[in-house]
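Here is a short set of exercises to work through with the model open beside you. Try each task before reading its solution.

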Amino acid sequence: MHKPSQVIPSLCEGYVLSKGTKSYSFKDTILYALGVGASQDSTDPEDLKYTYENSEDFSVLPGYATVIPDLFTNFMSLEDCPGMPEFNVMRLLHGEQKITIHKPLPANATVEQTAFIKSVSDKKSGALVVLEIATYDAEDHSPICNNQTSLFIRGIGGFGGTKSSNQENIKFPNRPADFTYTKLTTSDQALIYRLSGDYNPLHVDPNMAAMGGFTRPILHGLCFYGIAIHGIVKLACNNKPEAVKEISARFSSTVTPGDTISTEMWKMNSNTIYFKTTNMNSSKVCISNGVAIINYQSFSKM
Ligand SMILES: CCCCCCC[C@@H](O)CC(=O)SCCNC(=O)CCNC(=O)[C@H](O)C(C)(C)COP(=O)(O)OP(=O)(O)OC[C@H]1O[C@@H](n2cnc3c(N)ncnc32)[C@H](O)[C@@H]1OP(=O)(O)O
């Protein structure tokens with residue numbers, strides 16, 4: 001296939017990366033929960049509701065919305081888009097993510113979904129490709145969730161056109177956080193997390209990570225996003241996953257499996273939480289601009 005020498009936004013925008021039906025079951029939702037650090041140790045007795053299908057209130061973590069799409073198919077299809085030049089896929093990083101949840105995520109479902117490129121903007125050091133993925137229940141065609149995924153492809157910027165970002169910069173309050181969730185990621189975190197569908201070798205293969213300019217494989221953005229969401233549900237939502245309606249955030253620095261990450265949350269008003277996550281090993285903020293929209297009516301005790 002003939003590839004252009006640089007990004008041609010008009011040939012990218014609207015390009016369908018995948019469209020189809022898929023089914024998942026409670027085994028997938030449990031595997032996801034384990035991949036974002038749900039455990040059965042004495043500090044986390046409440047996690048059984050995400051990891052044991054026979055628990056009384058078995059539930060799906062809201063972050064599971066991010067892996068319902070066929071991540072790897074979409075990732076690979078990007079290279080086939082006629083408006084994209086040749087690029088080193090190991091230089092592609094997850095830039096931003098927004099999920100919108102329309103109903104509590106079912107533990108077993110058949111879903112219909114379409115993923116397409118919504119926009120491409122020139123960030124000079126790279127191209128920011130924004131994907132939109134809508135997921136519907138195949139049974140009654142009701143909307144389940146939406147994903148907006150921004151991919152930052154380093155090294156292919158400078159093609160002109162728009163340069164805007166899709167997320168606003170958040171100003172955090174000048175007071176201690178209302179809740180803090182600190183989690184030690186494990187050295188095998190990426191090996192477990194990838195089984196939920198993002199098989200990008202950047203996260204496990206040292207040679208591929210080196211091609212991306214990293215000394216070691218880095219953790220999936222959606223894995224540490226999922227860890228932060230787990231913390232938000234536990235600490236700010238009384239462990240009621242159905243309370244989460246929307247979560248958006250930017251991946252502003254990398255995390256290596258084995259790093260400790262700490263998510264600080266501020267309750268801003270009756271339905272909004274601002275959050276950011278710091279990588280305690282690098283001392284850098286790895287998730288910035290975090291905003292969670294919560295429906296506090298869905299539980300009584302705060
Ligand atoms: C298809 C389905 C796919 C599913 C996912 C599959 C892919 C996954 O497997 C891949 C991953 O998970 S990668 C791991 C997670 N991501 C990361 O670790 C990225 C961390 N962030 C960075 O390294 C830098 O912010 C970096 C490199 C992103 C940007 O840093 P710089 O180049 O230094 O940019 P900077 O000079 O700070 O800013 C330039 C302009 O870019 C905007 N920007 C910065 N960070 C951004 C980010 N994270 N997302 C979006 N935009 C971002 C800035 O605002 C600036 O724009 P403008 O000039 O318009 O203000």
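The exercises below go from the whole chain to the sheet, and then to single residues.

Before starting, note that this is a predicted model, in which local features need pLDDT of at least 70, side-chain atom pairs count only at pLDDT 80 or more, and totals for chains, interfaces and linings use all residues. Residues are numbered from 1 along each chain as its sequence is written, and side-chain values use heavy atoms, with hydrogens and water left out.

**Exercise 1. The chain as a whole**

Task: Describe the secondary structure, the compactness and the burial of the chain.

Solution:
Step 1. Start with the secondary structure: the chain has seven helices and ten strands. Helices (H or I, at least four residues) and strands (E, at least two) are DSSP runs, numbered from the N terminus.
Step 2. Next, take the radius of gyration, which is 19 Å, close to the 19 Å that the globule rule gives for 302 residues, so the chain is as compact as a globular protein of that length. The radius is taken over C-alpha atoms, and the globule rule is 2.2 Å times the number of residues to the power 0.38.
Step 3. Now the box: along the principal axes, the C-alpha atoms fill roughly 55 × 45 × 35 Å.
Step 4. Turn to burial, where 53% of the 302 residues are buried. Buried means under 20% relative accessible area, exposed over 50%, and partly exposed in between (1.4 Å probe, protein chains only).
Step 5. Finish with contacts (heavy atoms within 4.5 Å). Of the contacts with a separation of 6 or more, 74% are between residues 24 or more positions apart.

**Exercise 2. The sheet**

Task: Work out the strand order, then follow the pairing from strand 5 to strand 10.

Solution:
Step 1. The ten strands form an open sheet in the order 1-3-4-5-2-7-10-9-8-6, with antiparallel pairing. Two strands pair if DSSP finds at least two bridges between them.
Step 2. At the edges are strand 1 (16–24) and strand 6 (179–184), each pairing on one side only.
Step 3. On average, neighbouring strands are turned by 20° against each other, direction ignored. Axes are lines fitted to C-alpha atoms, for helices over the stretch in contact, and angles run from 0 to 180 degrees between N-to-C directions.
Step 4. Strand 5 (residues 143–154) pairs with strand 2 (residues 92–101) over nine antiparallel bridges; here isoleucine 99 has asparagine 147 of strand 5 as its bridge partner.
Step 5. On to strand 7, which pairs with strand 2 in the antiparallel sense over five bridges. Threonine 100 has glutamate 246 in strand 7 as its bridge partner.
Step 6. Six bridges then join strand 7 to the antiparallel strand 10, and phenylalanine 251 stands opposite isoleucine 287 in strand 10.

**Exercise 3. Helices and their packing**

Task: Find what helix 7 lies across and what helix 2 packs against.

Solution:
Step 1. Helix 7 (residues 221–236) lies across strands including strand 2, strand 6 and strand 7 (244–251), and runs at about 135° to strand 7.
Step 2. In helix 2 (residues 26–35), the buried residues are Thr29, Ile30, Tyr32, Ala33 and Gly35.
Step 3. These buried residues pack against strand 1, helix 3 (48–51), helix 5 and helix 7.
Step 4. Just after helix 2, glycine 37 takes a positive phi of about 90°.

**Exercise 4. Two threonines in loops**

Task: Which residues surround threonine 185, and which does threonine 256 contact?

Solution:
Step 1. Threonine 185 is in the loop between strand 6 and helix 5 (189–193) and counts as buried at 1% relative accessibility.
Step 2. Its side chain has a polar atom 2.9 Å from the backbone nitrogen of glycine 258, and reaches the backbone oxygen of aspartate 259 at 2.6 Å. A polar contact is a pair of N or O atoms within 3.5 Å; within protein, one must be able to donate a hydrogen and the other to accept it, and residues adjacent in sequence count only if both atoms are side-chain atoms.
Step 3. Not counting residues up to four places away in sequence, threonine 185 touches Leu219, Ile227, Thr256, Pro257, Gly258, Asp259 and Ile261.
Step 4. Threonine 256 lies in the loop between strand 7 and strand 8 and is buried, with a relative accessible area of 18%.
Step 5. Beyond its neighbours within four places in sequence, threonine 256 contacts Thr185, Arg216, Pro217, Leu219 and Asn279.
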